[in-house]
Amino acid sequence: MADQGIHIEGLSKLYGVGHNTIMALKDVNMHVAPGEVVGLIGPSGSGKSTLLKCLGAVIAPTAGRMSLGNKVIFDNGWKVRDLRALRRDKIGFVFQAPYLIPFLDVIDNVALLPMLAGVANSEARHRSLELLTALDVQHRATAMPSQLSGGEQQRVAIARGLVNHPPVILADEPTAPLDSVRAMAVIRILNDMAKRFETAIIVVTHDEKIIPTFKRIYHIRDGVTHEEQGEGRST
Ligand code: ADP
Ligand code: MG
């Protein structure tokens with residue numbers, strides 16, 4: 001079996017100890033193929049962020065199995081020694097809040113990651129500017145984060161999440177602060193990236209504007225997921 005993309009099997013996550021525990025994920029199974037963008041939808045407190053944090057190696061699941069690409073990263077315990085390298089090389093994060101580095105200008109915020117990965121300075125900046133252009137924020141390339149609107153900061157953060165072409169992108173409410181034209185542009189870019197670079201992408205969202213774009217959706221409620229066909233309207 002080609003074991004590519006994201007695989008999750010029997011994943012559970014228990015927070016807390018003693019009487020004060022919450023089972024935030026219960027036997028979650030999920031598969032996202034390379035090149036696929038899936039939606040993850042559920043009410044507040046249902047376990048969406050917990051699932052992304054487990055997949056992103058930010059917190060440890062309690063039990064189960066996860067693989068990224070052809071590599072098992074967790075099997076009732078971490079199977080990767082250097083989680084920081086795993087996060088840096090394999091996973092692009094796009095968070096609800098942009099978390100830009102305040103003392104770097106926009107283009108350096110984006111170009112920093114490829115530069116850390118050893119890409120030449122000029123190529124890193126070229127790639128960054130290309131993404132900033134696709135996200136319609138290239139005119140702010142030399143501005144500082146504090147000079148940008150919330151929506152502009154979010155588009156820069158999205159460029160940063162994509163710039164290293166990671167095999168997996170985890171996006172938590174990426175379009176929340178954006179108007180519908182810009183939200184659809186972000187979805188179009190995520191779909192393009194997925195196809196061009198064989199990226200497996202999970203998008204957590206409540207956003208009614210973008211939900212119809214997914215071909216497959218996982219619904220989550222009280223830590224339990226089920227899969228549904230989406231409308232899959234092409235963008
Ligand atoms: P969502 O992102 O869908 O809103 P979360 O994954 O943040 O949901 O939370 C799922 C459940 O786990 C909620 O009941 C939440 O209160 C609980 N939870 C989240 N993080 C922690 C934590 N660090 N410690 C204890 N409980 C937590
Ligand atoms: Mg959340």
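**Surroundings of ligand 1 and the setting of Thr225**

In this predicted model, an oxygen atom of ligand 1 is found 2.9 Å from a backbone N or O atom of Ser49. The protein covers 60% of the 560 Å² of accessible area that ligand 1 has on its own. Two elements, strand S2 (22–32) and helix H1 (48–55), each give two or more residues to the shell around the ligand. Of the elements, H1 contributes the most to this shell, with 3 residues.

Further backbone atoms also approach ligand 1. A polar backbone atom of Gly45 is 2.7 Å from an oxygen atom of the ligand, and a distance of 3.2 Å separates a backbone N or O atom of Ser46 from an oxygen atom of ligand 1. The residues that surround the ligand are Tyr15, Ile22, Ala24, Pro43, Ser44, Gly45, Ser46, Gly47, Lys48, Ser49 and Thr50. By residue class, the shell consists of 4 nonpolar, 6 polar and 1 charged.

A second site considered here is Thr225, which is placed in strand S10 (residues 224–229). The relative accessible area of Thr225 is 15%; because this value is under 20%, the residue counts as buried. When neighbours within four places in sequence are left aside, Thr225 is in contact with Val28, Asn29, His219 and Ile220.

Conventions
Residues are numbered from 1 along each chain as its sequence is written. Chains are lettered from A and ligands numbered from 1 in the order in which they are written. This is a predicted model: local features need pLDDT of at least 70, side-chain atom pairs count only at pLDDT 80 or more; totals for chains, interfaces and linings use all residues. Side-chain values use heavy atoms; hydrogens and water are left out. A residue is near a molecule or strand if one of its heavy atoms lies within 4 Å of it. A polar contact is a pair of N or O atoms within 3.5 Å; within protein, one must be able to donate a hydrogen and the other to accept it, and residues adjacent in sequence count only if both atoms are side-chain atoms. Accessible areas come from the Shrake-Rupley method with a 1.4 Å probe; for residues, only the protein chains shown count as cover. Helices (H or I, at least four residues) and strands (E, at least two) are DSSP runs, numbered from the N terminus. Ala, Val, Leu, Ile, Met, Phe, Trp, Tyr, Cys and Pro count as nonpolar, Asp, Glu, Lys and Arg as charged, and the others, Gly among them, as polar. Buried means under 20% relative accessible area, exposed over 50%, partly exposed in between (1.4 Å probe, protein chains only). Contact means heavy atoms within 4.5 Å.
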